[in-house]
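The following dialogue considers how helix packing and burial may be read from a set of coordinates.

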Amino acid sequence: MRIFIGAVIALTMTASITAIAHEGATGVLKERMDGMKAIGQQVKIMVPMMKGTLPYDPATVAKSASIIESHAGETFTKLFPEGSDKHPSEALPEIWDDWSKFTGLASQLESNAAALKTVAANNGSEDDFKGALGNVLKTCKSCHSNFRE
């Protein structure tokens, strides 16, 4: 649970920094930053449910998971053409050095978001929800740790 909360705190803290960093972004860089922002917004919706400060709402979780899923996988990786790591990007060159790992994490995010959506759509238990959201957060953290400045 500490890992998940740590990941959430890291994602939340970077939100304000990211807003500043996104100034001046255009084209594919802006598209991917907007996609990351959309993912982050959905995480912010679900984390209070994970922490127990808001009641678990399967319909909201299913909607949020669907939005994350729509920004993951190939939709995500196509927004990282080689050479798109210039300011204001926070992408590290390691993305292109280890493209298979990067694309694997993007696919894993898509799969984990789909699993989270399924848990919520089937009115899975709160524990199932927390486990599924935890998997999404672990994937985000892994990608950011490896490929984000």
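The dialogue below takes up the overall fold, two helix contacts and one loop residue.

Q: On what basis should the values be read?
A: This is a predicted model, in which local features need pLDDT of at least 70 and side-chain atom pairs count only at pLDDT 80 or more, while totals for chains, interfaces and linings use all residues. Residues are numbered from 1 along each chain as its sequence is written, and side-chain values use heavy atoms, with hydrogens and water left out.

Q: How many helices and strands are in the protein chain?
A: Helices (H or I, at least four residues) and strands (E, at least two) are DSSP runs, numbered from the N terminus. The protein chain has 7 helices and 0 strands, in the order α-α-α-α-α-α-α. Contact means heavy atoms within 4.5 Å; of the contacts with a separation of 6 or more, 76% join residues 24 or more positions apart.

Q: At what angle do helix 6 and helix 7 cross?
A: Axes are lines fitted to C-alpha atoms, for helices over the stretch in contact, and angles run from 0 to 180 degrees between N-to-C directions. The axes of helix 6 (residues 99-121) and helix 7 come within 9 Å and cross at roughly 165 degrees. Helix 6 is therefore roughly antiparallel to helix 7 (angles over 145 degrees). Among the residues in this contact are Phe 102, Leu 105 and Leu 109 of helix 6 and Phe 129, Leu 133 and Val 136 of helix 7. By class, the contact has 13 nonpolar, 6 polar and 2 charged residues; Ala, Val, Leu, Ile, Met, Phe, Trp, Tyr, Cys and Pro count as nonpolar, Asp, Glu, Lys and Arg as charged, and the others, Gly among them, as polar.

Q: How does helix 2 pack with helix 7?
A: Helix 2 (residues 27-51) and helix 7 (residues 126-147) pack at about 145 degrees, with axes 11 Å apart. Helix 2 residues including Met 36, Val 43 and Val 47 meet helix 7 residues including Phe 129, Leu 133 and Leu 137. This contact of helix 2 with helix 7 has 9 nonpolar, 2 polar and 2 charged residues.

Q: Is Glu 90 buried or exposed?
A: Buried means under 20% relative accessible area, exposed over 50%, partly exposed in between (1.4 Å probe, protein chains only). Glu 90 counts as buried because its relative accessibility is 18%. Glu 90 is placed in the loop between helix 4 (73-77) and helix 5 (94-97). Glu 90 and Glu 149 are 59 residues apart in sequence, yet 4.9 Å apart in space, C-alpha to C-alpha. Of the 149 residues of the protein chain, 40% count as buried.

How values were computed
Angles under 35 degrees count as roughly parallel, over 145 as roughly antiparallel, 65 to 115 as roughly perpendicular and the rest as oblique.
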